[in-house]
Amino acid sequence: MRYLIAGALACFLAAPAVAQTAGPITSGGRVEARFGWDRGEFKQEVRDIDFRVNEKNGKSGVVYGVEAGYDYVTDSSVLVGGYVGVEGSSVKDCETAPDGDRECLKFGRNFTVGARVGYVTSNGVVYLKGGYSNGQLKFTDDDPAFPDIRFRLKDNYGGFHLGAGGEVMVTNNVYGKLEYVFTNYSSDKFDDGISYAKFRPQRHQIVAGVGLRF
């Protein structure tokens with residue numbers, strides 16, 4: 001995966017040479033395909049009168065999706081825009097017990113909606129972004145002692161995302177991009193005065209994209 005990200009970064013840095021004949025970014029709509037590195041992290045805290053566990057597990061994978069939005073460029077070269085997106089992920093964290101019982105936690109679909117603000121250059125834009133995310137986690141439990149029983153659970157987590165990135169126009173309508181995004185989802189909590197448990201998913205992403213402006 002590090003080679004994929006390194007290649008995307010190299011292409012992004014080389015894009016200004018290709019984009020010398022491309023036009024500047026102007027107000028209008030856009031749509032893009034996105035792919036890149038996805039790091040899912042699961043923070044867990046459990047405690048009662050006898051023990052306490054506080055740990056964070058993480059797995060990496062590939063993220064892929066699409067995003068659409070509209071940008072407005074002011075006379076002072078400031079870009080203000082909004083966007084919506086949907087993505088999937090290959091991030092999956094599995095554990096197998098000595099008795100063969102296998103439990104897996106996997107990131108499912110993720111919806112995003114947000115806004116961004118940036119500064120427009122001669123052939124691109126650098127920007128900050130942020131907004132709301134709604135991600136799905138899928139939990140599975142397969143016990144070989146009970147092969148006819150397969151436990152499946154899906155749960156949705158709302159939260160926020162923050163990011164920064166840059167875009168370069170390759171032609172008058174086509175652009176390439178590279179950005180980093182951090183997402184912090186809401187936590188699940190249980191507290192009855194004796195036992196306490198908290199679970200919070202997070203993710204880090206480095207995403208490359210190719211889009212069309214119209």
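Which residues make a nonpolar surface patch of about 300 Å²? Select Val-31, Leu-212 and Phe-214; these three form the patch. Keep in mind throughout that the model is predicted.

**Stop 1: the patch**

Center the view on Leu-212. This residue belongs to strand β10, which covers residues 196-213. Leu-212 has a relative accessible area of 40%, so it counts as partly exposed.

**Stop 2: the whole chain**

Zoom out and color by secondary structure. The protein has one helix and ten strands. Along the sequence the order is α-β-β-β-β-β-β-β-β-β-β. Now switch on the surface. The accessible surface is about 11500 Å², and carbon and sulfur atoms account for 61% of it. Of the 214 residues, 42% count as buried. Turn to a contact map next. Take the contacts between residues at least 6 apart in sequence: 66% of them join residues at least 24 apart.

**Stop 3: the cores**

Hide the surface and show side chains. Select Ala-22, Ile-25, Val-73, Leu-79, Val-120, Val-125, Tyr-127, Met-169 and Tyr-175. These nine residues make up the largest nonpolar core. Pick Val-73 from this set. Beyond its neighbours within four places in sequence, Val-73 contacts Ile-25, Thr-26, Ser-27, Val-78, Leu-79 and Val-120. A second core of eight residues is separate from the largest one. Among its members are Phe-42, Phe-107, Leu-137 and Phe-199.

**Stop 4: the β2-β3 loop**

Select Ser-77. This residue sits in the loop between β2 (52-73) and β3 (78-89). Check its backbone: Ser-77 is not a glycine, yet its phi is positive, at about 70 degrees. Is Ser-77 buried or partly exposed? Its relative accessibility is 26%, so Ser-77 counts as partly exposed.

**Stop 5: β5, β6 and β7**

Select residues 102-120 for strand β5 and residues 124-142 for strand β6. How many bridges join these two strands? There are 17, and the strands run antiparallel. To see one pairing, show Cys-104; its bridge partner in β6 is Thr-140. Then follow the chain from β5 into β6, through a hairpin connection of three residues.

Add β7, residues 150-169. β6 and β7 are also paired in the antiparallel sense, over 19 bridges. Here, show Ser-133 with its bridge partner in β7, Gly-159.

**Stop 6: Gly-165**

Stay in β7 and move to Gly-165. Why does this residue count as buried? Its relative accessible area is 19%, and buried means under 20%. Display its surroundings. Leaving out neighbours within four places in sequence, Gly-165 touches Val-125, Val-126, Tyr-127, Leu-178 and Glu-179. Val-125 and Tyr-127 were already selected as members of the largest nonpolar core. Now draw a distance from Gly-165 to Tyr-180. Their C-alpha atoms are separated by 6.3 Å, while the residues are 15 apart along the chain.

**Stop 7: the β9-β10 hairpin**

Finish with strand β9, residues 188-191, and strand β10. The two pair in the antiparallel sense over four bridges. One position to show is Phe-190, whose bridge partner in β10 is Ala-197. Next, look at the turn. The β9-β10 hairpin has four residues between its strands. Select Gly-193 in this turn: its phi is positive, about 90 degrees. From here, trace β10 onward to Leu-212, which lies in this strand, and return to the patch that Leu-212 makes with Val-31 and Phe-214.

How values were computed
Residues numbered from 1 in each chain as written. Predicted model: local features only at pLDDT ≥ 70, side-chain atom pairs only at ≥ 80, totals over all residues. Heavy atoms only, no water. Patch = residues over 30% accessible without salt bridge, like charges linked within 9 Å, V, L, I, M, F, W, Y side chains within 5 Å. Areas by Shrake-Rupley, 256 points an atom, 1.4 Å probe, with all protein chains shown as cover. Salt bridge = Lys/Arg side-chain N within 4 Å of Asp/Glu carboxyl O. Buried < 20%, exposed > 50% of the residue type's maximum accessible area, 1.4 Å probe, protein only. Core = buried A, V, L, I, M, F, W, Y, C linked by side-chain atoms within 4.5 Å. Contact = heavy atoms within 4.5 Å. Pairing = 2+ DSSP bridges.
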